[in-house]
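Thanks for asking me to look this one over. Here are my notes, written to be read with the model open beside you.

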Amino acid sequence: MAHNDKSKHEKVVFVGDSRVRRGNGFVTPPDYTAYPGKSEAFIPNFLLKEWMVGVVVLVGFLVLTISEPAPLGFPADPSASVIPMPDWYFLFLYQYLKYPYASGNYVILGTIGIPTVAFGALLLAPFLDTSKERRFYKRPIASALMFLSLASLVYLTNFAWTHYKHELEKAGVEPEHIQREEQALENRLAGLPPAGREPQAEIAIVDKDDPAMEFYTKATCISCHGADLKGSGGGPSLRGIGDKHDKEAILAIIKEGYNGKMPPMYTAAMNAGLTDEDVDHLAEWLAKQKAEAVE
């Protein structure tokens, strides 16, 4: 059987589109501000705005720190009469712990129990109140708890601060922040930087080798005024005491006490083995302790 094989002579033609579409380059993200409720591209749109706000805030902090120095307190004075007080954001807790049910026999309940319940309820609030309503008057329970908490914080903070001011007036103590403000105002009027109190030069002890130094130690004066006369245990410094009191005044203080703060020490000195001549010499030596005196 014979047949003709034409496959070797036929051409196969493939038809297709080999064109490549030309790109349009970088495509700018659309501005989503025209579409309310939509989002926008995180990079660079959203992130750039956040960076700009951060830079403005940082520059503002730098300007404040450069223009106004830090309000540093005065050097610590162990002999100063102060009324301890926490920072303003802890005043509500400070006042709360004064109440009988939060202190004394109930200190565990006041310091651990009630705060744990309060902060635990705050953490669980999103899970306990799952309403989609955002208007506060449509959520009476959550709104009532919020307003009650705010009212409690305001009341406790104000009550603590008011009581603190009454205590200052009663004790005749001027708080340090008021002293700093007055000092800063004086410095501004004098054209000086509003810094804290300048450290004072140390007053030297006059006649360290005087026998009165031994009387001073023997009479147990060091328990309140320190072995170096700088004061300790709440007692004031005796360096420079001669600028405030003369010999007769110091003798009167030893025998009668001072201002209800220092008890009479004459009997204690006699019991320690001192004589009237020793006490008189001690008073004379203390009267020599003056800032302008040369050792």
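The points below cover a helix pair, the cysteines and two loop residues.

1. A word on the model first. Please keep in mind that this is a predicted model, and that the values in these notes are computed from it.

2. The helix pair is a good place to begin. Helix H8 spans residues 247-256 and helix H10 spans residues 276-287; their axes come within 8 Å and cross at roughly 125°. That angle makes H8 oblique to H10, because angles over 145 degrees would be needed for roughly antiparallel and 65 to 115 for roughly perpendicular. The crossing of the two helices is right-handed.

3. Which residues of H8 and H10 meet? On the H8 side they are Lys-247, Ile-250, Leu-251 and Ile-254. Their partners in H10 are Val-279, Asp-280, Ala-283, Glu-284, Leu-286 and Ala-287. Sorted by type, the residues of this contact comprise seven nonpolar and three charged, with no polar ones. If you display the side chains, Lys-247 in H8 and Asp-280 and Glu-284 in H10 are among the residues to pick out.

4. Next, the cysteines, since a bench reader may well wonder about disulfides. The count comes to zero. Why is there no bond at Cys-221? Its sulfur has its closest cysteine sulfur in Cys-224, at 8.6 Å, which is too far for a bond; a disulfide would need the two sulfur atoms within 2.5 Å. Seen from Cys-224, the closest cysteine sulfur is that of Cys-221, again at 8.6 Å and too far for a bond.

5. Are these two cysteines buried or exposed? Cys-221 has a relative accessible area of 18%, so it is buried, the cut-off being under 20%. Cys-224, at 38% relative accessibility, counts as partly exposed.

6. Thr-220 deserves a glance at its backbone. Its phi is near 60°, a positive value in a residue other than glycine. Where does Thr-220 sit? You will find Thr-220 in the loop between helix H6 (212-218) and helix H7 (222-225). With a relative accessibility of 41%, Thr-220 counts as partly exposed.

7. Last comes Pro-86, in the loop that lies between helix H1 (42-67) and helix H2 (91-96). Its relative accessible area is 30%, so Pro-86 is partly exposed. What does Pro-86 touch, leaving aside residues up to four places away in sequence? The contacts are with Leu-91 and Tyr-94.

Conventions
Residues are numbered from 1 along each chain as its sequence is written. This is a predicted model: local features need pLDDT of at least 70, side-chain atom pairs count only at pLDDT 80 or more; totals for chains, interfaces and linings use all residues. Side-chain values use heavy atoms; hydrogens and water are left out. Axes are lines fitted to C-alpha atoms, for helices over the stretch in contact, and angles run from 0 to 180 degrees between N-to-C directions. Helices (H or I, at least four residues) and strands (E, at least two) are DSSP runs, numbered from the N terminus. Angles under 35 degrees count as roughly parallel, over 145 as roughly antiparallel, 65 to 115 as roughly perpendicular and the rest as oblique. A crossing is left-handed if the near helix is turned anticlockwise from the far one by less than a right angle, and right-handed if clockwise. Contact means heavy atoms within 4.5 Å. Ala, Val, Leu, Ile, Met, Phe, Trp, Tyr, Cys and Pro count as nonpolar, Asp, Glu, Lys and Arg as charged, and the others, Gly among them, as polar. Buried means under 20% relative accessible area, exposed over 50%, partly exposed in between (1.4 Å probe, protein chains only).
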